[in-house]
Amino acid sequence: MASTLGATHRWVNWGGNQRCAPAEVVSPASEAELSEVVRAAARSGQTVKPVGSGHSFTDIATTSGVQVRLDRHDRVLDVDRQSMRVRVQSGITINQLCRELADVGLALPNLGDVGYQTISGAISTGTHGTGARYRGIAEQVVGVSLVIGDGTVVNASADEEPEIWSVARVGLGALGILSTVTLQCVPAFNMHAVEAPMRMDDVLGRLDELVDGNDHFEFYWVPHTRWALTKANNHTDEAPRGMGRARELYERVLLENVAFGAACRIGRRRPSLIPKLATAVPSSGTRDFVRRSDQVFTTPRLVHFCEMEYAIPRGEAATALDRLTKMVDERGLLVSFPVEVRFTAADEIPLSTANGRESCYIAVHMYRGTPYDQYFRAVEEIMWSLGGRPHWGKLHYQTAATLAPRYPDWERFQSVRRKLDPDGRFANAYTDRVLGAL
Ligand SMILES: Cc1cc2nc3c(=O)[nH]c(=O)nc-3n(C[C@H](O)[C@H](O)[C@H](O)COP(=O)(O)OP(=O)(O)OC[C@H]3O[C@@H](n4cnc5c(N)ncnc54)[C@H](O)[C@@H]3O)c2cc1C
């Protein structure tokens, strides 16, 4: 039986901005236990919400019903070396998955910038990395098994229940509980990383060349300066070199997290110092190293923050950044976190933020405990006017009425949702807001 962790548990997300007090917390370890949890909830009329690592900033994972934790449902089940496909239980974290894939000579082709999330949480919100020829993590999903509203299990892939498979890859936790996912992997690879400061004018002037000329290009604009920190990661046959354990601890933990965290705390206490503190960021230097792919894609993130991220058509990137940099100056906002800018190819997943168009992702952050509303609303106004779609796991102020026209396949998603969850077993306040109540 799924172990019950008690009824008095209080839950808080990584960003510290979402909390809930579930009526019950369960921790199933098998598909049969997952089904039983949903059946029991249906009998008692409770809602059910699976939760991953709590790395979403929206209230997408909150519940006052049954919270389903997946940390006992986190194993690799099958590895097919021939087809390079692996089937995993949904609660495995990306970090753990990448380690196990590396052991069998496989990898995921692209990742976001951390690996703490569960695979099911990441795909359910459309988590993505960067790379003009690459798509989000959900695009690697070739099969799922999903526990739906009545507790039965549906297997879906391109050959079996293709409409459910298509939609469930970015399902917002609203269609059922993913029990297992099958992922298409690639042979393990190393990446050559070059990280360097560049003038913003140069980055924007050479944007297409930088984005198309590298496998994975991204940059961080440092507010209150005209500087950006760029990262260009490319596949290589070279062996790992250039960043030993000691240097990694110094740069990625001490400089990027401990020193940056201290600067953020000073900025929170004395906001007027933020522009001065910002001038130190570009001097954090140039790095050139080769590592295993997942160790380049993901880095430790110890400084907690809140975030909004919008996907806009790639062609609007320079306009969006021009307006954003001017807006920060004109409104006199004091922002201690760099603005992250990434790029992906178009995909065909109905509620993917990159559905049908090459995308540029612009993400803004505020140090945990610092008011973000004024900044995020002003950024949203710009991104929305350029056709933006908000990341499902990051803060935004949109509703089903405003979002529906932004997704050509919106009705396909809703029709599958009505079929799999007619009683709203997997609904919560967030799905009511962004998808509409059932
Ligand atoms: C430090 C940090 C870095 C990040 N970097 C990136 C990035 O680089 N790129 C990016 O796109 N995003 C990024 N994010 C956002 C993050 O990837 C997403 O919010 C992701 O959903 C979090 O995964 P999780 O396991 O924490 O899921 P949670 O936040 O716990 O849950 C997210 C959703 O998934 C659902 N869910 C979880 N498990 C299941 C399941 N088994 N079946 C069905 N639904 C399920 C939940 O119900 C909920 O609706 C970052 C967030 C943080 C805090």
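In the predicted model, strand 15 (residues 216-221) is paired with strand 19 (residues 339-344) through three bridges, and the sense of the pairing is antiparallel. Within this pair, Tyr 220 has Glu 340 of strand 19 as its bridge partner. Strand 19 is also joined to strand 20 (residues 359-367), again in an antiparallel arrangement, by five bridges. In that pairing, Ile 362 of strand 20 stands opposite Val 341.

These strands belong to an open sheet of eight strands, ordered 17-14-16-15-19-20-18-21, with antiparallel pairing. The sheet is bounded by strand 17 (287-292) and strand 21 (389-390), the edge strands, each of which pairs on one side only.

The surroundings of strand 19 were examined residue by residue. Side chains in a regular strand alternate between the two faces of the sheet. In strand 19, Val 339, Val 341 and Phe 343 lie on one side, whereas Glu 340, Arg 342 and Thr 344 lie on the other; all are buried, and both faces of the strand are thus covered. Because six of the six residues of strand 19 are buried, the strand is largely enclosed by the rest of the structure. The buried set includes Glu 340, the bridge partner of Tyr 220, and Val 341, which stands opposite Ile 362.

Terms used:
Residues numbered from 1 in each chain as written. Predicted model: local features only at pLDDT ≥ 70, side-chain atom pairs only at ≥ 80, totals over all residues. Pairing = 2+ DSSP bridges. Helix = DSSP H or I, 4+ residues; strand = E, 2+ residues; numbered from the N terminus. Buried ≥ 20, exposed ≤ 12 C-beta atoms within 10 Å, placed from the backbone.
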